[in-house]
Amino acid sequence: YYEQCLVSVMSLRKYNDNCEIIIITDDITAKQLRGFRGKIKHYAEVKEVVCEKKYNQKIRSRILKSSMRKIVDGDFLFLDLDTVIVGSLQEIEHGVDNIGMVLDKHEKVTKRYMYKNMYMNAERMGYRTAYEDKHFNSGVILVRDTQVSHNFFDLWNRLYFECLEKGIDIDQTSLNEANCRMSGVIEEMNGIWNVQVNSGLKYISEAKIFHYLGYQPLNKQNKYFNSLPFLLCDEKLFHQM
């Protein structure tokens, strides 16, 4: 995960040299940023947040993600660490009043071929899957410093803890329910700002941000991840770093 983060940070610096980069991490993970790993602090500010030790690393990251509006001042662009930036992000600021995101799998829910887990999680919680057929991917989020955005993140964080009580640790179930409860506050952005490599072929030629869905170590064979048509989906590449 450190290597993925480093790739994301360095690619962002390459095309957006003057941007301010903040890495949000929990206090347990922050202790590991020393020696070779500490060099990332030369390229980005590390903002350390204390989290309860009873939560594992995955849950801690989602708690931070759903509460980051309180952690970062002003407008900001959130990027998952499994992203690589391939162009200037200056134009992403246009046309979003509160919160901007790209559709999950670049399709409306009724057209998606991968929907089962998404639907089952929502049903288990008594939540809705989508607002007006739109289910958003949380890998790239443009966030304005508005009261609407603050209200949204407060609700998202609260719903995420509700999901945890029923064993659902992913963040999009709660995020999209929050969007439904706030009558569709999330504004849809062009797919070029979050090109999900397993479904975003039509956006590749104009892509600004690739979201390659991250290494998944729990799957030892990792056949699906390693078969995706993107260099950074090759597990062996990160072991060389």
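Which strand does Q196 lie in? That's where this tour of a predicted model begins.

**View 1. Q196 and its neighbours.** Q196 sits in strand 8, a short stretch covering residues 195-196. Is Q196 buried or exposed? With a relative accessible area of 0%, Q196 counts as buried, because that label applies to anything under 20%. Leaving aside residues up to four places away in sequence, Q196 touches V102, L103, D104, K105 and H106, plus N137 and H211.

**View 2. The sheet that holds strand 8.** Here three strands make an open sheet with mixed pairing, in the order 4-9-8. Strand 4 (83-85) and strand 8 are the edge strands, so each one pairs on one side only. Strand 4 runs antiparallel to strand 9 (residues 209-211), and the two pair over three bridges. Look for I85, which stands opposite I209 in strand 9.

**View 3. Helix 5 from end to end.** Helix 5 takes in residues 147-165, 19 residues in total. From first C-alpha to last, helix 5 reaches 28 Å, close to the 27 Å expected at 1.5 Å a residue. Just past the end of helix 5 comes G167, with a positive phi of about 80°.

**View 4. The buried residues of helix 5.** Plenty to spot here: S149, F152, F153, L155, W156, N157, L159, Y160, C163 and L164 are buried. What do the buried residues of helix 5 pack against? Their partners include helix 3 (57-67), helix 4 (116-125) and helix 6 (172-181). Strand 5 (99-103), strand 6 (136-143) and strand 7 (186-188) are packed against too.

Note on methods. Residues numbered from 1 in each chain as written. Predicted model: local features only at pLDDT ≥ 70, side-chain atom pairs only at ≥ 80, totals over all residues. Heavy atoms only, no water. Helix = DSSP H or I, 4+ residues; strand = E, 2+ residues; numbered from the N terminus. Buried < 20%, exposed > 50% of the residue type's maximum accessible area, 1.4 Å probe, protein only. Contact = heavy atoms within 4.5 Å. Expected span 1.5 Å × (residues − 1). Pairing = 2+ DSSP bridges.
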